[in-house]
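Visitor: I should like to learn how to read a structure of this kind. May we go through it together?

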Amino acid sequence: MKKLFILLMILAAVCFIGVWIYQTQRLKKNAQAKIGKGQVVMNWGLIILFVIGLVGTFTAPSTKTSEPAEHHPANEHATKVSKAQSSSESAAAASSSSSQSASSSSATSSSASSSSSSQLQVDFPTDVSLNKTGDATVSFKAPANTQFEIKDSNNNVVTTLNGNAQGADQTYNFKKPGKYHVTAHNGDQTIDRDLTVRGIGQ
């Protein structure tokens, strides 16, 4: 539509200039010639057409400017849909990560519990003193068939206590004060503990 107004304005201007030149030359040749009513009407008509074309050029809506306005809602809708999908995917990823973390934590806890329940259980005092006669009798409590190996601070084997099938307590009479290392064996299970024997009255 805007192009039509521009074309109308150009045609009116060209025609007006042509008529004006013709009338000017006519008056130069014959100064007494009169301008007829038809020529006056034509001049004003061309001026009106020029003004209409000029006003229409600035007021007519542009096709290029209206197209983005029409497509804007569609683009905005597509953007909103994309953001919604992205948020949904992020939430799903976070949920999956939380589930995996919880599963891993549960598996670790279960493994630790199983390891704790299968650990070899032994019981004996780890800090004793020699009595007046220079003896310190220590009783070792453990499941059946548990073997104890006792080493001194120099890593020399002091004694080995072989377990029995009944699981009765095993005892050893220490004669020398010092630091000892006790290792208990039962099948594929092993546990290590330190034992301190103090001197008389300590």
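Guide: The following conversation takes up the overall layout, the helices, one residue and the strands. Please keep in mind that this is a predicted model.

Visitor: Where should one begin, and in what order do the elements of the chain run from the N terminus on?

Guide: One begins with the list of elements. The chain holds 3 helices and 7 strands, and their order from the N terminus is α-α-α-β-β-β-β-β-β-β.

Visitor: What share of the residues in the chain is buried?

Guide: Burial is judged from relative accessible area, with buried meaning under 20%. Of the 202 residues in the chain, 20% are buried. The exposed surface of the chain comes to about 14,400 Å², and carbon and sulfur atoms supply 56% of that area.

Visitor: How does one describe contacts by their distance along the sequence?

Guide: One looks at the separation of the residues that touch. Among contacts in the chain with a separation of 6 or more, 56% involve residues 24 or more positions apart.

Visitor: At what angle do helix 1 and helix 2 pack?

Guide: An angle over 145 degrees counts as roughly antiparallel. Helix 1, residues 2-29, packs against helix 2, residues 37-59, at an angle of about 150 degrees, and their axes are 8 Å apart. The two helices are therefore roughly antiparallel to each other. The crossing of helix 1 past helix 2 is left-handed.

Visitor: Which residues does Leu49 touch, leaving aside those up to four places away in sequence?

Guide: Leu49 lies in helix 2. With such neighbours left aside, Leu49 touches Leu8 and Ala12. Leu8 and Leu49 are 41 residues apart in sequence, yet their C-alpha atoms are 7.0 Å apart in space.

Visitor: Is Leu49 buried or partly exposed?

Guide: Partly exposed covers the range between under 20% and over 50% relative accessible area. Leu49 counts as partly exposed because its relative accessibility is 35%.

Visitor: Turning to the strands, is the pairing of strand 6 and strand 7 parallel or antiparallel?

Guide: One reads the sense of pairing and then the partners. Strand 6, residues 178-186, pairs with strand 7 in the antiparallel sense over 9 bridges, and Lys179 has Thr196 in strand 7 as its bridge partner. The hairpin of these strands has 2 residues between them, and Gly187 there takes a positive phi near 65 degrees.

Visitor: In what sense does strand 1 pair with strand 7?

Guide: Strand 1, residues 127-129, pairs with strand 7, residues 189-198, in the parallel sense over 3 bridges. Ser129 stands opposite Arg198 of strand 7.

Terms used: Residues numbered from 1 in each chain as written. Predicted model: local features only at pLDDT ≥ 70, side-chain atom pairs only at ≥ 80, totals over all residues. Heavy atoms only, no water. Pairing = 2+ DSSP bridges. Helix = DSSP H or I, 4+ residues; strand = E, 2+ residues; numbered from the N terminus. Buried < 20%, exposed > 50% of the residue type's maximum accessible area, 1.4 Å probe, protein only. Contact = heavy atoms within 4.5 Å. Areas by Shrake-Rupley, 256 points an atom, 1.4 Å probe, with all protein chains shown as cover. Axes fitted to C-alpha atoms, helices over the stretch in contact; angles between N-to-C directions. Parallel < 35°, antiparallel > 145°, perpendicular 65-115°, else oblique. Left-handed = near helix turned anticlockwise from the far one by under 90°.
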